[in-house]
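Please open the model in your viewer and keep the sequence panel beside it, since the tour below moves from one selection to the next.

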Amino acid sequence: MPGTDKTTSKSATLTLEQRLKTLIAQRGPISIADYMADALSHPQEGYYMSGSPIGAQGDFTTAPEISQLFGEIIGLWLVQSWLDMGSPDAFNLIELGPGRGVLMSDILRAARLRPNFLRAANVWFVENSGRMRLEQKKRMDLHSEIKVNWVDRYNDIPEGPCLLIANEFFDCLPIQQFEKTHLGWHERMVGMDPTKDTLTYELAPAPIPLDHPLAKEETAKDKDIIEICTPATKLISQIAKTLHNHKGRALIIDYGHYSSAFGDTFQAIRNHEFCAPLEKPGTADLTAHVDFQMLGDTAIHENTSVYGAVSQGTFLDRLGLVYRLQALCRGKTQEEQEALRAGANRLSAADQMGELFKVMCMANPELEPPAGFENG
Ligand code: SAH
């Protein structure tokens, strides 16, 4: 139909922002979760689908991109976990949101000291961006002996013994926000400011009953905000079910807080700087801090053992960051040694990533406590 063709070609020339504005103008405000999902994962214009987000040339840098020490130490932790599981002949080595594949590449290199670990590993990448998959494939070509599989969702992976790693994945799962008024909890929505033709926050007029421990606290004041990340709790439940039925451990690393707390942590980063989350959707990374208490409580509820969260600095120090750094520095030039030291410092110093980032482990309850989580 000519009419249909016209509509298609017109909508193809609109930006994501324009289309969101039209949608909101026609149907009313959308939730922050819907906004975030579209801005990050829209099949054509989503941030991870169209941009080149990670690394010095991109918008943000992650721990494995900063230093190979990160992936190597995690690789050794995974090898130890595999030994603790009784060295199964086959297991799923899963990474959620592998970015440019650097972390897995460093893990596999470090794991070469146990060839049987590599022979047993079936690598699964949970990745919904075709563009990121291409980058990952390029890096995995360096490990041609390893079989790598890509899936869109965790649930597409066949059940079995598993070791899972997720670095800076949970922070990009869509959140909802709820704000307290004298009437109760109202969802914070993304609407339109008609006078300025810009996207803006507004509260849903009707309060809703909120199933969240903080919502029941008598200390909640007007304007307090609760963030809820339903995809995160669903995913944790799915992982916990696997870990309940099979030997394995999952390591979740992200920025966030130990205990659930009020506050707005929805943020955007473009070109290594904070920017306004509602400006130019699809062109900035959108994230929210991870509520580790909520993740841990969800996993415990599903009968999984939970360790931590501990700070990333503590975790890496306990796993011998300093010794690994010394070993790597041997035979290197002064300049190379300084770069290695600077990288290690950025990962672990309290005023860098060491405190803001946390590490939590979920594990099959029959396994002994994992390395790195001694005393908490
Ligand atoms: N772990 C990487 C990069 C994290 S960036 C690192 O440490 O460098 C987030 C990654 O998760 C990207 O690869 C992005 O494409 C992917 N991603 C984001 N949302 C996703 C979703 N809902 N499902 C699957 N993958 C997702």
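Begin by selecting Gln267, whose bridge partner in strand E13 is Thr287. The model you are looking at is a predicted one, and this pair of residues is a convenient way into its antiparallel strands E11 and E13.

**The sheet of E12, E11 and E13**

Extend the selection to strand E11, residues 267-270, and strand E13, residues 285-287, which pair in the antiparallel sense over 3 bridges. Then add strand E12, residues 273-275, which also pairs with E11 in the antiparallel sense, again over 3 bridges. Within that second pairing, Arg270 has Glu273 of E12 as its bridge partner. Between E11 and E12 lies a hairpin with 2 residues between the strands, and there Asn271 takes a positive phi near 50 degrees.

With the three strands displayed together, you have an open sheet in the order E12-E11-E13, with antiparallel pairing. E12 and E13 stand at its edges and each has a single partner strand, so one side of each is left without a neighbour in the sheet. If you turn the view to follow the strands across, the twist averages 40 degrees from one strand to the next.

**Ile269, then Asp59**

Stay in strand E11 and select Ile269. Is this residue buried or exposed? Ile269 counts as buried, because its relative accessibility is 19% and the cut-off for that class is under 20%. Leaving aside neighbours within four places in sequence, Ile269 is in contact with Asp59, Phe60, Phe274, Cys275, Ala284 and Asp285. For a contrasting distance, draw a line from Ile269 to Lys358: the two are 89 residues apart in sequence and 20 Å apart in space, C-alpha to C-alpha.

One of those contacts, Asp59, is the next stop. Asp59 is found in the loop between helix H4 (47-50) and helix H5 (63-66), and it is buried, with a relative accessible area of 12%. Which residues surround it, once neighbours within four places in sequence are set aside? Asp59 is in contact with Tyr47, Ser52 and Pro53, and also with Ile269, Arg270, Asn271, His272 and Thr283. A C-alpha to C-alpha line from Asp59 to Ala284 spans 7.4 Å, although the two residues are 225 apart in sequence.

**His42**

Now move to His42, in the loop between helix H3 (32-41) and H4. His42 is buried as well, at a relative accessible area of 11%. Not counting residues up to four places away in sequence, His42 touches Leu16, Arg19, Ala37 and Met49, which you can show as sticks around it.

**Strands E2, E3 and E4, and helix H7**

Next select strand E3, residues 121-126, which is mostly covered, with 5 of its 6 residues buried. Strand E2, residues 91-96, runs parallel to E3 and is joined to it by 6 bridges; within this pairing, Glu95 has Phe125 of E3 as its bridge partner. Strand E4, residues 147-151, also runs parallel to E3 and is joined to it by 5 bridges, and there Val123 has Val148 of E4 as its bridge partner.

From the strands, go to helix H7, residues 102-110, which is mostly covered too: 8 of its 9 residues are buried. To see them, select Val102, Leu103, Met104, Ser105, Asp106, Ile107, Leu108 and Ala110.

**Helices H13 and H14**

For the last stop, display helix H13, residues 321-329, together with helix H14, residues 334-348. How are these two helices set against each other? They pack at an angle of about 165 degrees, with their axes 10 Å apart. This makes H13 roughly antiparallel to H14, because an angle over 145 degrees falls in that class. H13 passes H14 in a right-handed crossing.

To look into the contact itself, select Leu321, Leu325, Leu328 and Cys329 in H13, which meet Gln337, Leu340, Arg341, Ala344 and Ser348 in H14. The residues of this contact divide into 6 nonpolar, 2 polar and 1 charged. As you read the numbering of these residues, it may help to recall that an α-helix has 3.6 residues a turn, so residues three or four places apart point the same way.

Terms used
Residues are numbered from 1 along each chain as its sequence is written. This is a predicted model: local features need pLDDT of at least 70, side-chain atom pairs count only at pLDDT 80 or more; totals for chains, interfaces and linings use all residues. Side-chain values use heavy atoms; hydrogens and water are left out. Axes are lines fitted to C-alpha atoms, for helices over the stretch in contact, and angles run from 0 to 180 degrees between N-to-C directions. Helices (H or I, at least four residues) and strands (E, at least two) are DSSP runs, numbered from the N terminus. Angles under 35 degrees count as roughly parallel, over 145 as roughly antiparallel, 65 to 115 as roughly perpendicular and the rest as oblique. A crossing is left-handed if the near helix is turned anticlockwise from the far one by less than a right angle, and right-handed if clockwise. Contact means heavy atoms within 4.5 Å. Ala, Val, Leu, Ile, Met, Phe, Trp, Tyr, Cys and Pro count as nonpolar, Asp, Glu, Lys and Arg as charged, and the others, Gly among them, as polar. Two strands pair if DSSP finds at least two bridges between them. Buried means under 20% relative accessible area, exposed over 50%, partly exposed in between (1.4 Å probe, protein chains only).
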